[in-house]
Amino acid sequence: KKVADRYLKREILGEGTYGVVYKAIDTKTGHTVAIKKIRLGRQKEGVNFTALREIKLLKELKDPNIIELIHAFPHKGNLHLVFEFMETDLEAVIRDPNIFLSPGDIKSYFQMTLKGLAVCHNKWVLHRDMKPNNLLIGSNGQLKLADFGLARIFGSPGRKFTHQVFARWYRAPELLFGAKQYGASVDVWAAGCIFAELLNRRPFLQGDSDIDQLGKIFQKLGTPTPLLWHDLEWLPDFVEYSSQITQPWRKLCPTASDDALDLLSKMFTYDPRTRISVQQALEHRYFTSIPLPTDPAKLPRPA
Ligand code: ADP
């Protein structure tokens, strides 16, 4: 029996934030797909119009570095989102001890991450949940942003406030201080964390609570001063932290090139208004200096 007269269900791939994800065959195209089943929960009348409009927007976003939403349909009280099937994700690559990432490989994976993000930001959509396991990798080595926009459409189950949508380790300081208004710069901070994680092969800022997350940030990057970040003291959850000095980037990411460190430091600018944009980051000399980004088809992936 087919779902929606079209998809042959295969095994469950995992349980995500919004519900079960399973593998299926699209009988219309013969392609393997991943279907994300989203529990609609309390919205008894079905998906609201805002959600439908947003989903339409996602369906129209076609880009090599964004996962394609092939089809969206309601079925048995759940919303089903059909995506192209992806072999692996960046977290699996970073964690695999058998994989060596050359500076060109890192540059390639990170460039694809920023390219996908730039497409979102150009359409005025924030990703809001950037983390390595949301960066999926296809059989041709192309990296694609997944779960993009879902945080805004469906909210985050189990999390009360929308400023807490981010996986903590990738959360920008303005979100941790409770900013209600924030912009594309939150994705830039998260991308910076992913860049550092690619370089060091371990998560960069691993806090075990929101307070501790800020502590971990200040321990490495120094405590922000009102001079560096004007609006800091007016953020809802602002608390003073004992002052710490900035550690040299060379020490924080010992294997990175000077260009990589320069870009990294610009992505970790405290004041969201002066933090580098995704477009500016893509134009940074890091991407044009040698070694050039590895051809995606030649990138190392888990066996
Ligand atoms: P989370 O919400 O925790 O980020 P997801 O809902 O994105 O998790 O995904 C749950 C599981 O399904 C994960 O193991 C993920 O690898 C897998 N998955 C999600 N999307 C795809 C896809 N397009 N292709 C293959 N596997 C996928």
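Okay, let's start in the middle of the protein. The largest nonpolar core has 70 residues, and the ones that touch the most other members are Ala-190, Ala-191, Phe-195, Leu-198 and Met-267. Which helix gives this core its largest share? That's H6, residues 185–200, with 11 residues in the core. One thing to keep in mind as I go: this is a predicted model.

Let's stay with Ala-191 for a second. If you ignore its neighbours within four places in sequence, Ala-191 is in contact with Thr-113, Leu-114, Leu-117, Met-130 and Met-267. That brings me to helix H3, which runs over residues 103–122. Is H3 mostly buried or mostly out in the open? Count them up: 14 of its 20 residues are buried, so H3 is largely enclosed by the rest of the structure. The length works out too. At 1.5 Å a residue you'd expect its 20 residues to span 28 Å, and the end C-alpha atoms are indeed 28 Å apart. After H3 comes Trp-124, and its phi is positive, near 60°.

Now let me zoom out to the whole chain. We have 10 helices and 8 strands. How compact is it? The radius of gyration is 20 Å, and the globule rule gives 19 Å for 303 residues, so the chain is as compact as a globular protein of that length. If you want dimensions, the C-alpha trace spans about 60 × 45 × 30 Å along its principal axes. Buried residues account for 35% of the 303. And take the contacts between residues at least 6 apart in sequence: 63% of those join residues at least 24 apart.

On to the ligand. There are 17 residues around it, and the ones that come nearest are Gly-14, Gly-16, Thr-17, Val-21 and Ala-34. Which elements give two or more residues to that shell? Strand S1, 7–15, and strand S3, 32–39. As for the chemistry, the shell splits into 9 nonpolar, 5 polar and 3 charged residues.

While we're on S1, have a look at Ile-12, which sits in that strand. Buried or exposed? Ile-12 has 11 C-beta neighbours inside 10 Å, and that counts as exposed. Leaving out neighbours within four places in sequence, Ile-12 is in contact with Val-20 and Tyr-22. Ile-12 and Tyr-22 are 10 residues apart along the chain, yet their C-alpha atoms are separated by 4.1 Å.

Last bit: some backbone oddities. Most residues other than glycine have a negative phi, and most peptide bonds are trans. With that in mind, look at the segment before S1, where you'll find Ala-4 and Asp-5. Ala-4 has a positive phi, near 55°, and Asp-5 has one of about 60° although it isn't a glycine. What about their surroundings? Ala-4 counts as exposed, with 12 C-beta neighbours inside 10 Å. Asp-5 is exposed as well, with 8 other C-beta atoms within 10 Å.

And for the peptide bonds, go to the segment after helix H10 (278–282), where Pro-291 lies. The bond from Ile-290 to Pro-291 is cis, with omega near 0°.

That's my tour, thanks for listening.

Definitions and conventions. Residues are numbered from 1 along each chain as its sequence is written. This is a predicted model: local features need pLDDT of at least 70, side-chain atom pairs count only at pLDDT 80 or more; totals for chains, interfaces and linings use all residues. A residue is near a molecule or strand if its C-beta atom, placed from the backbone, lies within 6 Å of it. Helices (H or I, at least four residues) and strands (E, at least two) are DSSP runs, numbered from the N terminus. Ala, Val, Leu, Ile, Met, Phe, Trp, Tyr, Cys and Pro count as nonpolar, Asp, Glu, Lys and Arg as charged, and the others, Gly among them, as polar. The radius of gyration is taken over C-alpha atoms; the globule rule is 2.2 Å times the number of residues to the power 0.38. Two residues are in contact if their C-beta atoms, placed from the backbone, lie within 7 Å. The expected span of a helix is 1.5 Å times one less than its number of residues. A nonpolar core is a set of buried Ala, Val, Leu, Ile, Met, Phe, Trp, Tyr and Cys residues joined through C-beta atoms within 7 Å.
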